[in-house]
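Visitor: I'd like to learn how to read salt bridges in a model. Could you walk me through some?

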Amino acid sequence: TTAITATASNNRATPKQDEGPFYPKHTQADKNADMTQVEGHSGYAVGEVIMISGRVLDTEGKPVKRALIDVWQADNNGRYRHEDAPDTSPLDPNFQYWAQLKTDKDGHYSIKTVKPAKYAAIEDWIRPPHIHFKIARRGMRELTTQMYFANESLNEVDKLYLEAPENERRRIVVDIKDGKGQFDIVLAKV
């Protein structure tokens, strides 16, 4: 899959994706934009550290300032911190699993995390590495989507990835270069 950056010039909202069963149910003290270290811990999360940044825009290309972004994902072993997660392997005590942040006045955001691993959703379904995003702002339609990684063969057989219209899939795939990727998100107005 070829990755591009979502742009407002196409006047279309970023494709919706399933929230999934692992959206955090319980709050946590540390939800900042650095998911690679938990406040009060001296260690760092295991895995390939990546920076994901981008802008939240409306369909006219205008920045959406102060949009609330929830980000949650599996760790380097494919494990979510969630009681319904099928994997019971140990959690990474130094990985944050969930972040909440707001866009700045120009719609920019940035998170530091680790690349998540694939995991078994059910017996015959292995999910590719992905990161969940939920974006909300008054006057805009709330959007839940998933960001996938370029060059992952599991993308092409993933049930949720394939639910996105074929001509829109490239807008939810990010190419990581030198540990950095850009994921712009376009919201529709209410």
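Guide: Sure. Let's start with Glu-168, which is buried, at 7% relative accessible area. Keep in mind that this is a predicted model.

Visitor: Which residue does Glu-168 form a salt bridge with?

Guide: Its partner is Arg-12, with 2.7 Å between the closest N and O atoms. The two come from distant parts of the chain, 156 residues apart: Arg-12 sits in the segment before strand E1 (49-58), and Glu-168 in the loop between helix H1 (159-163) and strand E9 (173-174).

Visitor: Is Arg-12 buried or partly exposed?

Guide: Arg-12 counts as partly exposed because its relative accessibility is 36%, and the partly exposed class lies between 20% and 50%.

Visitor: How many salt bridges are there in the whole structure?

Guide: A search turns up 12. One of them joins the side chains of Lys-25 and Glu-83, at 3.7 Å from N to O. This pair also links distant parts of the chain, 58 residues apart, with Lys-25 in the segment before E1 and Glu-83 in the loop between strand E2 (68-73) and strand E3 (98-102). Lys-25 is exposed at 53% relative accessibility, while Glu-83, at 47%, is partly exposed.

Visitor: What about Glu-60 and Lys-62?

Guide: Those two form a salt bridge as well, their closest N and O atoms lying 3.3 Å apart. Glu-60 is exposed at 52%, and Lys-62 is partly exposed at 47%.

Visitor: Which residues belong to one network with them?

Guide: Asp-58 and Lys-189 do: salt bridges with shared partners join them to Glu-60 and Lys-62.

Methods. Residues numbered from 1 in each chain as written. Predicted model: local features only at pLDDT ≥ 70, side-chain atom pairs only at ≥ 80, totals over all residues. Heavy atoms only, no water. Salt bridge = Lys/Arg side-chain N within 4 Å of Asp/Glu carboxyl O. Helix = DSSP H or I, 4+ residues; strand = E, 2+ residues; numbered from the N terminus. Buried < 20%, exposed > 50% of the residue type's maximum accessible area, 1.4 Å probe, protein only.
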